Amino acid sequence: MKRFLWAVCLAGLFFAVLSVFFAHQDLEVKSSLKGEVTWTVEAGTEVSEGAELVRVATLTGEIAAARAPVDGTVAGLLVKPGEQIAAGTVVAKMMKNDQER
């Protein structure tokens, strides 16, 4: 019985550590379009889901190439204005806001 309780405690601790690890991982945000980057949001900015993170110039004009997938904070930008990017390029990293606040 003691071994069983010990195993249950260890399993609970293991899953608690895993949930903390995955809850605080950065999300990678990819560009949906190709073109020249014309604007980026500043790192550290809190954004709502759907907010523009990166804009590019295309043949038809300037348009959002990446939007925030969740409410959170922009942890870092991997592109800067003037750079050419392809669709699918990781352009930013975000930290998801905690649900418990």
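This report describes two sheets, a nonpolar core and a few residues of a predicted model.

Residues are numbered from 1 along each chain as its sequence is written, and side-chain values use heavy atoms, with hydrogens and water left out. In this predicted model, local features need pLDDT of at least 70 and side-chain atom pairs count only at pLDDT 80 or more, while totals for chains, interfaces and linings use all residues.

**Sheets**

Strands (E, at least two residues) and helices (H or I, at least four residues) are DSSP runs, numbered from the N terminus. Two strands pair if DSSP finds at least two bridges between them. Strands of a sheet pair through backbone hydrogen bonds, either parallel or antiparallel.

One open sheet has 4 strands in the order E5-E4-E2-E7, with antiparallel pairing. E5 and strand E7 (84-85) stand at the edges with a single partner strand each, so one side of each has no neighbour in the sheet. Within this sheet, E2 and E4 pair in the antiparallel sense over 4 bridges, and Thr-40 stands opposite Val-54 in E4.

Another open sheet, also antiparallel, has 4 strands in the order E1-E8-E6-E3. Its edge strands, E1 and strand E3 (46-47), each pair on one side only. E1 and E8 run antiparallel and are joined by 4 bridges; Leu-27 stands opposite Met-94 in E8.

**Core**

A nonpolar core is a set of buried Ala, Val, Leu, Ile, Met, Phe, Trp, Tyr and Cys residues joined through side-chain atoms within 4.5 Å. Buried means under 20% relative accessible area, exposed over 50%, and partly exposed in between (1.4 Å probe, protein chains only). The largest core has 17 residues, of which Val-47, Leu-53, Val-54, Val-91 and Met-94 touch the most other members. Strands E4 (52-58), E5 (61-67) and E8 (90-96) are the elements that give two or more residues to this core.

**Two buried residues**

| Residue | Place | Relative accessibility |
|---|---|---|
| Val-29 | strand E1 | 4% |
| Ser-31 | loop between strand E1 (27-30) and strand E2 (35-40) | 5% |

Both values fall in the buried class. Contact means heavy atoms within 4.5 Å. Leaving aside residues up to four places away in sequence, Val-29 touches residues including Leu-53, Ala-66, Val-91 and Met-94. Val-29 and Ala-66 are 37 residues apart in sequence, yet their C-alpha atoms are 6.9 Å apart in space.

With the same exclusion, Ser-31 touches Ala-66, Ile-85 and Val-91, among others. The side chain of Ser-31 also reaches the backbone oxygen of Leu-33 at 2.5 Å. Val-91 is in contact with residues including Val-29, Ser-31, Val-54 and Ala-66.

Definitions and conventions: Polar contact = N/O pair within 3.5 Å; in protein donor to acceptor, adjacent residues only side chain to side chain.
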